[in-house]
Amino acid sequence: MPRIDNDIKLDFKDVLVRPKRSTLKSRSENRVSYATASSSTTSYTVDLMRSYNFRNSKQEYTGIPVMAANMDTVGTFEMAKTLGSFCVFTCIHKHYSIEAWKEFAVKNPDVLKYVAASTGTGKADLEKLKQIIEAVPGIKYICVDVANGYSEHFVQFVRDVRKEFPTHTIMAGNVVTGEMVEELILSGADIIKVGIGPGSVCTTRKKTGVGYPQLSAVIECADAAHGLGGHIISDGGCTCPGDVAKAFGAGADYVMLGGMLAGHTESGGEMIEQNGKKFKLFYGMSSATAMKKHAGGVAEYRASEGKTVQIEYRGDVEMTIQDVLGGIRSTCTYVGAGKLKELSRRTTFIRVTQQLNEVYAANTKEH
């Protein structure tokens with residue numbers, strides 16, 4: 001018999017963060033604390049840098065734990081170069097050649113500490129991953145990515161990758177429940193990607209009926225991971241800087257962005273011009289567009305679980321990432337968190353029925 005879990009599960013849109021008294025200075029007094037693309041360096045009242053020690057690889061990470069998703073329209077070498085100047089991470093998509101990786105590594109050795117090489121779970125995927133890491137030994141992070149992280153094959157593949165690369169930091173997912181987070185960590189993963197269906201170009205929930213509200217998934221999976229000394233990535237569902245801050249407040253160690261980083265100069269995707277305006281294609285990696293591009297089409301045994309959209313061209317990604325990081329700092333200021341590390345401890349969520357005042361939404365454009 002089917003069963004129903006009656007516990008309330010929440011998404012980012014279902015909550016707001018309650019402000020608290022703070023001794024922090026105002027947002028207007030914040031200054032930048034990292035090397036930007038223009039190479040300026042000053043200091044911020046709110047420190048977004050985090051340092052993590054990983055359970056299985058025994059390696060250490062220091063940076064701002066926002067990530068570009070490993071989609072070929074987002075996780076590009078061009079994106080990594082710009083985001084790396086902000087100490088922000090990029091999971092490079094798996095479709096680059098070994099030669100392209102070599103060229104990127106030679107030209108951008110300082111960026112390698114902020115990138116991961118992505119892989120699927122086939123034999124050819126593992127062989128290509130070995131070749132990439134052999135060719136570019138500076139890569140220290142591996143992202144093992146599938147839509148459904150609940151298969152025994154996936155768990156075994158993570159074990160195989162850990163055996164092959166004992167000192168590399170392994171990200172693995174996607175899952176949404178605590179018991180699977182624990183199994184993947186115990187199988188050798190260091191960082192678990194959390195999220196099934198929340199992405200802007202993901203249609204898994206529509207096609208399969210499977211999913212989990214992202215805020216609750218993050219809260220529950222963070223608790224499971226942290227109990228074992230592991231870490232999690234909140235992957236999907238963020239539509240604005242406030243959602244990113246909520247994911248960190250819920251306990252995410254990293255927050256991965258797809259749609260928010262799509263449509264930029266550094267993003268992948270074909271550029272299209274219509275009626276004098278420029279657009280870029282953005283699509284899910286399980287979409288018919290992606291499968292036609294990389295696998296010759298959608299296999300008979302499965303459905304496409306992604307869609308393709310046109311995003312109005314947004315220009316360089318630098319302004320967008322500054323907006324995201326500025327929003328997180330403002331959240332920290334509202335709750336009295338002097339460091340990103342303190343945000344989850346100072347976050348109280350309140351349930352709401354309305355997130356935003358949308359009265360002028362149709363005729364307002366943010367700048």
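This report describes the confidence, backbone geometry, aromatic pairs and one buried acidic residue of a predicted model.

Residues are numbered from 1 along each chain as its sequence is written, and side-chain values use heavy atoms, with hydrogens and water left out. Because the model is predicted, local features need pLDDT of at least 70 and side-chain atom pairs count only at pLDDT 80 or more, whereas totals for chains, interfaces and linings use all residues.

**Confidence**

The chain has a mean pLDDT of 90, and 87% of its residues reach 70 or more; pLDDT is the predictor's confidence in each residue, from 0 to 100. Over residues 32-40 the pLDDT is below 50, although this stretch has 28 contacts in the model beyond near neighbours in sequence, a contact being heavy atoms within 4.5 Å. Where pLDDT is low, the predicted coordinates should not be read in detail.

**Backbone geometry**

Secondary structure follows DSSP runs, with helices (H or I, at least four residues) and strands (E, at least two) numbered from the N terminus. The peptide bond from Gly 173 to Asn 174 is cis, with omega near 25 degrees, and Asn 174 belongs to strand E7 (residues 169-175).

Two residues that are not glycine have a positive phi: Cys 87, at about 65 degrees, and Asn 275, at about 50 degrees. Cys 87 sits in the loop between helix H1 (77-84) and strand E4 (88-92), while Asn 275 is found in the loop between strand E11 (271-274) and strand E12 (277-283). Their surroundings can be described by relative accessible area, where buried means under 20%, exposed over 50% and partly exposed in between (1.4 Å probe, protein chains only). Cys 87 is buried at 13%, whereas Asn 275 is exposed at 83%.

**Aromatic pairs**

The whole structure holds 10 aromatic pairs. Rings of Phe, Tyr and Trp (its six-membered ring) pair if their centres lie within 6.5 Å, and planes under 30 degrees apart count as stacked, over 60 as edge-to-face and the rest as tilted. Two of the pairs are set out below.

| Pair | Arrangement | Centre to centre | Angle between planes |
|---|---|---|---|
| Phe 54 and Tyr 141 | edge-to-face | 6.3 Å | 90 degrees |
| Phe 77 and Tyr 96 | stacked | 3.9 Å | 15 degrees |

The edge-to-face pair links distant parts of the chain, 87 residues apart, with Phe 54 in the loop between strand E2 (50-53) and strand E3 (60-68) and Tyr 141 in strand E6 (residues 141-145). Phe 54 is buried at 3% relative accessibility, and Tyr 141 is buried at 6%. Phe 54 and Tyr 141 also belong to one aromatic cluster with Tyr 52, Tyr 61, Phe 89 and Tyr 254.

In the stacked pair, Phe 77 lies in helix H1 and Tyr 96 in the loop between E4 and helix H2 (98-107), so the pair ties together parts that are 19 residues apart in sequence. Phe 77 is buried, with a relative accessible area of 6%, and Tyr 96 is buried at 16%.

**A buried glutamate**

Glu 266, in the loop between strand E10 (254-257) and E11, is buried yet has no salt bridge, and Lys 280, the nearest side chain of opposite charge, is 7.2 Å away. Here Lys and Arg count as positive and Asp and Glu as negative, with His and the chain ends not counted, and a salt bridge is a side-chain nitrogen of Lys or Arg within 4 Å of a carboxyl oxygen of Asp or Glu. A polar atom of the Glu 266 side chain lies 2.9 Å from the backbone nitrogen of Val 317. Not counting residues up to four places away in sequence, Glu 266 touches Thr 76, Glu 78, Met 79, Thr 82, Gly 315, Asp 316 and Val 317.

Conventions
Polar contact = N/O pair within 3.5 Å; in protein donor to acceptor, adjacent residues only side chain to side chain.
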